[in-house]
Amino acid sequence: MGCGRVGALLATQLDSDGHSVAVIDADPKAFRRLPSDFSGRKVTGQGMDRDILRKAGIKEAYAFAAVSNGDNSNIIAARVARETFGVERVVARIYDPTRAFVYERLGIPTVATVRRTSEAVLRWMMPRDAHVAWSHPAGNVSLVAVMPAPSWYGLPFTTVEALTGSRVAFVSRLGALQVAAPDLVIQEDDELFFAEAGVDSTRLRNLLTSPPELEE
């Protein structure tokens, strides 16, 4: 929902990657931001309106991003997508940082810059994956960010480190980044940052997007 700079960038990226995309905006002129070869659906209307969401194909949606220019509209639309239509992967853009924590307590991840927002939204919308969040210019050390599969929830960080052979340096939880501690356990929607040698995220992605191999 929303075909401003962020919405247009997201829709264009998803469309170019071969995904089926629908864009909702109350102003039909907003669709001019989309490239001429955009193959997705353009729906004019309010993104919190259930009939408009149905017209956009919300019942078949894998994910929903509310990225209009209004905090209230975004959070209402995100909650309707999740609570009325059962879309599991929902994310909302929030301009007021004081509201972000409250909304994340409601189970709606929030993100706040255009390119950075679009990248963060894509990470929430797409299947579990890993990416290099930072790397040393020499390329010998990096921080790999991973959102573990639900089967990892509840495992202590010490167990995670033993299973992966990598050190958990930070965890992003409820919109805040904190230093990892041995007494922490993985919670839903945690994003873990591992200290890794090199810049390859493939190994951690394969491990943490699959069920952990726990000893009987």
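These exercises walk through selected parts of a predicted model.

Residues are numbered from 1 along each chain as its sequence is written. Local features need pLDDT of at least 70, side-chain atom pairs count only at pLDDT 80 or more, and totals for chains, interfaces and linings use all residues, while side-chain values use heavy atoms and leave out hydrogens and water.

**Exercise 1. The β-α-β unit**

Task: Find the elements that make a right-handed β-α-β unit, and place Asn-74 in the picture.

Solution:
- Step 1. Name the elements. They are E3, H3 and E4. Helices (H or I, at least four residues) and strands (E, at least two) are DSSP runs, numbered from the N terminus. Right-handed means this: with the strands pointing away from the viewer, the path from the first strand over the helix to the second runs clockwise.
- Step 2. Check the strands. E3 pairs with strand E4 (residues 89–93) in the parallel sense, over four bridges. Two strands count as paired if DSSP finds at least two bridges between them. One such bridge joins Ala-66 to Ala-92 in E4.
- Step 3. Look at the side chains of E3 (residues 63–66). Ala-63 and Ala-65 point one way, Phe-64 and Ala-66 the other. In a regular strand, side chains alternate between the two faces of the sheet. All four named residues of E3 are buried. Buried means under 20% relative accessible area, exposed over 50%, and partly exposed in between (1.4 Å probe, protein chains only).
- Step 4. Add the helix. Asn-74 lies in H3 (residues 71–84). Asn-74 counts as buried because its relative accessibility is 0%. Leaving out residues up to four places away in sequence, Asn-74 touches Met-1, Ala-66, Val-67, Ser-68, Ala-92 and Arg-93. Contact means heavy atoms within 4.5 Å.

**Exercise 2. The open sheet**

Task: Give the strand order of the five-stranded open sheet and name its edge strands.

Solution:
- Step 1. Write the order. It is E6-E7-E10-E8-E9, with antiparallel pairing.
- Step 2. Find the edges. Strand E6 (130–135) and E9 each pair on one side only.
- Step 3. Read the twist. From one strand to the next it averages 30 degrees. Axes are lines fitted to C-alpha atoms, for helices over the stretch in contact, and angles run from 0 to 180 degrees between N-to-C directions.
- Step 4. Zoom in on one pair. E8 and E10 run antiparallel and are joined by five bridges. Arg-167 stands opposite Ala-195 in E10.
- Step 5. Place the helix. H6 packs on the sheet and touches E8 and E10. The direction of H6 makes about 130 degrees with that of E8.

**Exercise 3. One side of H6**

Task: Which residues of helix H6 (residues 157–164) are buried, and what covers them?

Solution:
- Step 1. List them. They are Phe-157, Val-160 and Thr-164.
- Step 2. Test for a face. These residues sit on the same side of H6 because they cover an arc of only 55 degrees around the axis. The arc is that of the directions from the helix axis to the C-beta atoms.
- Step 3. Find the cover. It includes strand E8 (167–173), strand E10 (191–197) and helix H7 (202–208).
- Step 4. Step past the helix end. Just after H6, Gly-165 takes a positive phi of about 75 degrees.

**Exercise 4. Salt bridges and their settings**

Task: How many salt bridges does a search of the whole structure find? Then sort three of them by setting.

Solution:
- Step 1. Count. The search finds five. A salt bridge is a side-chain nitrogen of Lys or Arg within 4 Å of a carboxyl oxygen of Asp or Glu.
- Step 2. Take Asp-51 and Arg-54, at 2.9 Å, N to O. Both lie in helix H2 (residues 50–55), three residues apart, about one turn of the helix. Asp-51 is exposed at 55% relative accessibility. Arg-54 is partly exposed at 38%.
- Step 3. Take Arg-173 and Asp-190, at 2.6 Å, N to O. This pair links distant parts of the chain, 17 residues apart: Arg-173 is in strand E8, and Asp-190 is in the loop between strand E9 (176–179) and E10. Arg-173 is buried at 12%. Asp-190 is buried at 1%.
- Step 4. Take Glu-196 and Arg-203, at 3.3 Å, N to O. Glu-196 is buried at 11%. Arg-203 is partly exposed at 36%.
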